[in-house]
Amino acid sequence: MTTLGTYETLAHAYNNTSTITYPIEETISVGTYKVIDQDGLQMHITNAIDGVTEIRFDADADDRRYPGTFQGFEFGMNWTHPSFIGAFLKAKRTPGQHFLGDNGTAAYDAIVDENNHLTVTLTPSAN
């Protein structure tokens, strides 16, 4: 099974990035967990036996505190092309449209709905 990496590797990289506001647990069991539920931001991580298969962020698209959280994985894991935060910003400017990217390791999907709710999902690359 293709994954984004082990949870422990992802959590360590994320927690050691200066842009984050909300650290996450260093380890979790197999399953889907809400690892952040703070100030309107929720982050869910699905951890399989082989590693993480999905990271999903949900937030108000206008709250300026959240881009640093989104960048925690992008910077921590050196996932810079295409830009995760770039997909978020494009989605924010064009509600209702999905913005997709794939950097060979992580695939990105960002959308802002009619209620200004942002959802960004990271999954393993199809490439």
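## Overall size

With 127 residues, this chain would have a radius of gyration near 14 Å as a compact globule, and its 13 Å agrees with that. Keep in mind, as you look around, that the model is predicted. Along the principal axes, the C-alpha trace spans about 35 × 35 × 25 Å.

## Order of the elements

Let's walk along the sequence next. Three helices and six strands make up the secondary structure of the chain, and they follow the pattern α-β-β-β-α-α-β-β-β. Contacts also link distant parts of the sequence: among those with a separation of 6 or more, 44% join residues 24 or more positions apart.

## Inside and outside

How much of the chain counts as buried? Of its 127 residues, 48% do. Turning to the outside, the accessible surface comes to about 6,300 Å², and carbon and sulfur atoms account for 48% of that area.

Charge is worth a look too. The chain carries 16 negative side chains and 7 positive ones, and the centres of these two sets lie 9 Å apart.

## A closer look at helix H1

Helix H1 covers residues 7-15. Its buried residues are Tyr7, Leu10, Ala11, Ala13, Tyr14 and Asn15. In an α-helix there are 3.6 residues a turn, so residues three or four places apart point the same way.

Which elements help to cover the buried residues of H1? Among them are three strands, E1 (31-38), E2 (41-47) and E3 (52-60), together with helix H2 (67-76).

Definitions and conventions:
Residues are numbered from 1 along each chain as its sequence is written. This is a predicted model: local features need pLDDT of at least 70, side-chain atom pairs count only at pLDDT 80 or more; totals for chains, interfaces and linings use all residues. Side-chain values use heavy atoms; hydrogens and water are left out. Helices (H or I, at least four residues) and strands (E, at least two) are DSSP runs, numbered from the N terminus. The radius of gyration is taken over C-alpha atoms; the globule rule is 2.2 Å times the number of residues to the power 0.38. Buried means under 20% relative accessible area, exposed over 50%, partly exposed in between (1.4 Å probe, protein chains only). Contact means heavy atoms within 4.5 Å. Accessible areas come from the Shrake-Rupley method with a 1.4 Å probe; for residues, only the protein chains shown count as cover. Lys and Arg count as positive and Asp and Glu as negative; His and the chain ends are not counted. The place of a charge is taken as NZ of Lys, CZ of Arg, CG of Asp or CD of Glu.
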